[in-house]
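Biologist: Please take a close look at one part of this model, the charged pairs, and then place them among the helices and strands around them.

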Amino acid sequence: MNIREALTYDDVLLVPKMSQIRSRKDVNTSTKLSKNITLNIPIVSSNMDTVTESKMAIAMASIGGIGIIHRFCSIEYQAKEVLRVKRHQSMIVRKPLTIDPNSTLEELRAKAKEYGYSGFLVCEEGSTKLLGIITKRDYVLENGDEKFVRDLMTPQDKLITATNEISIEDAKKLFVKYKIEKLPIVDENFNIKGLITKKDLVENFDDKFSAKDKHGRLLVGAAVGVGDDFMERVDALVDAEVDIIALDIAHGHSLIEIEALQQIKAKYPNLEIMAGNIATADAARDLINVGADCVKIGIGPGSICTTRITTGFGVPQLTAIMDIYPVCRELGVPMIADGGIKQPGDLVKALSAGADSVMLGGQLSGTEEAPGPVINYNGRRYKISRGMASLTASISRPGAKEDLSKITPEGVEARVPYRGPVKDVVSRYIGGLRSGMSYGNAMTIKDLRDCEFVKITNSGIRESNSHDNEIL
Ligand code: XMP
């Protein structure tokens, strides 16, 4: 039998080219996620329950990528998470500071000093009902610390307010028309839902780079499996106006996935579908032939995956991408490289090999926006990352098998370092990508495909990492 050699990211390097790029800032990092969805950065957060719920998806779309909400929860929960992203307005502060109407001027001044804000929404402690606003001009000339907020505030009936649905442009118009500094967001019963400040809107709000739909709302995806209720789940997600459905099973090149894909496309011909996971050109062709709008590559490369160990199957990720790329190029369907990305250089290698974007799991699971608490262990901060086919994930999913001995895990649970806000992690990746594009004389991600790979040895890998010194 002729056994092919298969490679992954660490086995290769890209050969630098004469570069006409003068600044890393000049390169264009936009890419196709699927046939009809464009992102501003080629990064997708994984549909794992320790990676993507609405908070992550909002953060990812805000910086130009997208998050795929996981499916290991009830249909209602997942659909609500999608709605949260679609309804998100990044200019709205969701939990504005409030002050009780019975507070004194002295207490107000102390609170203003403590938080560095001069104005507050007024509502009784324990309530969310907006009673008024107090801003600096209401009290700056007041003497007598014993006066009450309720007597100085602008009362509810004189307030200009808006509801959650307000657009940026309409909010701007209200600020100009009424010469206000703060615009409370309330529901029909005057419960506080947020706050827009003139400062945030005029000085800080820059959403030019975020990934949005045609109505200006953030993009979001959601995963479904092929279980009995999958069509019900798709219906609920479509109702919540999801932008793309990830049809996500471990072995995507299967009759059950093909049938599910056909069923979804028959009902929703215009719904974008990400199909996966796969590792061969035949799989890509079969899924694209029944309507996949993008394919997701990765059988076992993930940081918490043990599929290859448990089943003996898989293809090292770089070879899988290179094998599939000609089919995706011929049929005009983008591909996502899912799993195994540990460093920005791996992202550049994945895109050079033919991927249009990458999906990150473990690298994002330690961030602030990933679900789950920060844990302290031996003086260090961590979060949890777990494989969706790990034992704990299998036990905790809805409708789990009762008999643990019947579960054969294909993933593990792990501790990952706490990494702070996701934008900082992604920014390191995009910084690496921009530099990489300059080394490869690539103004666009497509241009990276002209770069040459060389295979390296263990000595090359050793040379690539910092060596012969003690890292500080
Ligand atoms: P990284 O390396 O970014 O990989 O952490 C994330 C991807 O790993 C896949 N995944 C699994 N694969 N068993 C597997 O074989 C699992 O339990 C498992 N859970 C997640 C998934 O494709 C994810 O995006």
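Modeller: The count comes to 21 salt bridges, where a salt bridge is a side-chain nitrogen of Lys or Arg within 4 Å of a carboxyl oxygen of Asp or Glu. This is a predicted model, in which local features need pLDDT of at least 70 and side-chain atom pairs count only at pLDDT 80 or more, while totals for chains, interfaces and linings use all residues. Residues are numbered from 1 along each chain as its sequence is written, and side-chain values use heavy atoms, with hydrogens and water left out.

Side chains of opposite charge can pair when their charged atoms come close. One such pair is Lys 86 with Asp 213, a salt bridge with an N to O distance of 2.9 Å. Lys 86 belongs to helix 2 and Asp 213 to the loop between helix 7 (198-204) and strand 12, so the bridge ties together parts that are 127 residues apart in sequence. Helices (H or I, at least four residues) and strands (E, at least two) are DSSP runs, numbered from the N terminus. Lys 86 counts as buried because its relative accessibility is 4%, and Asp 213 is buried too, at 13%. Buried means under 20% relative accessible area, exposed over 50% and partly exposed in between, with a 1.4 Å probe and protein chains only.

Asp 213 has a salt bridge with Arg 217 as well, the closest N and O atoms being 3.0 Å apart. Arg 217 has 22% relative accessibility and therefore counts as partly exposed. Lys 86, Asp 213 and Arg 217 belong to a network of salt bridges that also links Glu 241 and Asp 243.

A further salt bridge joins the side chains of Arg 449 and Asp 356, at 3.5 Å from N to O. Arg 449 sits in the loop between helix 16 (422-439) and strand 21 (453-455), and Asp 356 in the loop between helix 13 (344-353) and strand 17 (357-360), so this pair ties together parts that are 93 residues apart in sequence. Both Arg 449 and Asp 356 are buried.

Now the surroundings. Helix 2 (residues 75-87), which carries Lys 86, lies across strand 5 (66-69) and strand 12 (221-224), at about 160 degrees to strand 5. Such angles run from 0 to 180 degrees between N-to-C directions, the axes being lines fitted to C-alpha atoms, for helices over the stretch in contact; contact means heavy atoms within 4.5 Å.

Strands 5, 12 and 17 are among the eight that close into a barrel, in the order 4-5-12-13-14-15-16-17, with parallel pairing. From one strand to the next the twist averages 25 degrees. Two strands pair if DSSP finds at least two bridges between them; strand 14 (residues 272-278) and strand 15 (residues 294-297) have four, in the parallel sense. Gly 276, for example, has Lys 296 in strand 15 as its bridge partner. Helix 10 packs on the sheet, touching strand 14 and strand 15, and its direction makes about 155 degrees with that of strand 14.
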